[in-house]
Amino acid sequence: MAFTEAQLVAQLDSAATGRTITIQSLIPGTTITDCYAVGVVAPYAGRSRWVQLTSSNTAAQAATQLQTALTT
């Protein structure tokens, strides 16, 4: 895994408010990292799902992948 949970959280919530997207579960794998995320504020509010993140991505790339998944 090219990113850690802490790095991903830092990318998702750069203001450290703890209110954008909450990661409930992160299961690292060799090629895919499974993540269950819950959106807290718009445009993610009320959305939650399992998302498969590419394990070789950087934390910034994984955050973008997760944000996109929660808005589509």
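These legends go with close-up views of a predicted model.

Local features here need pLDDT of at least 70, and side-chain atom pairs count only at pLDDT 80 or more, while totals for chains, interfaces and linings use all residues. Residues are numbered from 1 along each chain as its sequence is written, and side-chain values use heavy atoms, with hydrogens and water left out.

**View A. Strand β1 meets β2 in a hairpin.** Strands, like helices, are DSSP runs numbered from the N terminus (E, at least two residues, for strands; H or I, at least four, for helices). Residues 21-27 make up β1, which runs antiparallel to β2 and is joined to β2 by 6 bridges; two strands count as paired if DSSP finds at least two bridges between them. The hairpin gets from β1 to β2 through 4 residues. Look for S25 opposite Y36, and for I27 with its bridge partner D34.

**View B. β2 pairs with β3 too.** Here the partner is β3 (residues 48-54), again antiparallel, over 7 bridges. One pair to pick out is A37 with R49 in β3.

**View C. The side chains of β2 take turns.** Over residues 32-39, T33, C35, A37 and G39 point to one face and are buried, where buried means under 20% relative accessible area, exposed over 50%, and partly exposed in between (1.4 Å probe, protein chains only). I32, D34, Y36 and V38 point to the other face and are not buried.

**View D. The largest nonpolar core has 17 residues.** Such a core is a set of buried Ala, Val, Leu, Ile, Met, Phe, Trp, Tyr and Cys residues joined through side-chain atoms within 4.5 Å. L8, L12, I21, C35, L53 and L66 touch the most other members. At least two residues come from each of α1 (5-12), β1, β2, β3 and α2, and α2 gives the most, with 6. Zoom in on L12 and, not counting residues up to four places away in sequence, you'll find it touching T20, I21, I23, A63, L66 and Q67; contact means heavy atoms within 4.5 Å.

**View E. N57 sits in a loop, yet is buried.** That loop lies between β3 and α2 (59-71). N57 counts as buried because its relative accessible area is 16%. Its side chain makes a polar contact of 3.1 Å with that of Q65, a polar contact being a pair of N or O atoms within 3.5 Å; within protein, one must be able to donate a hydrogen and the other to accept it, and residues adjacent in sequence count only if both atoms are side-chain atoms. Leaving aside neighbours within four places in sequence, N57 is in contact with A2, F3, A62 and Q65.
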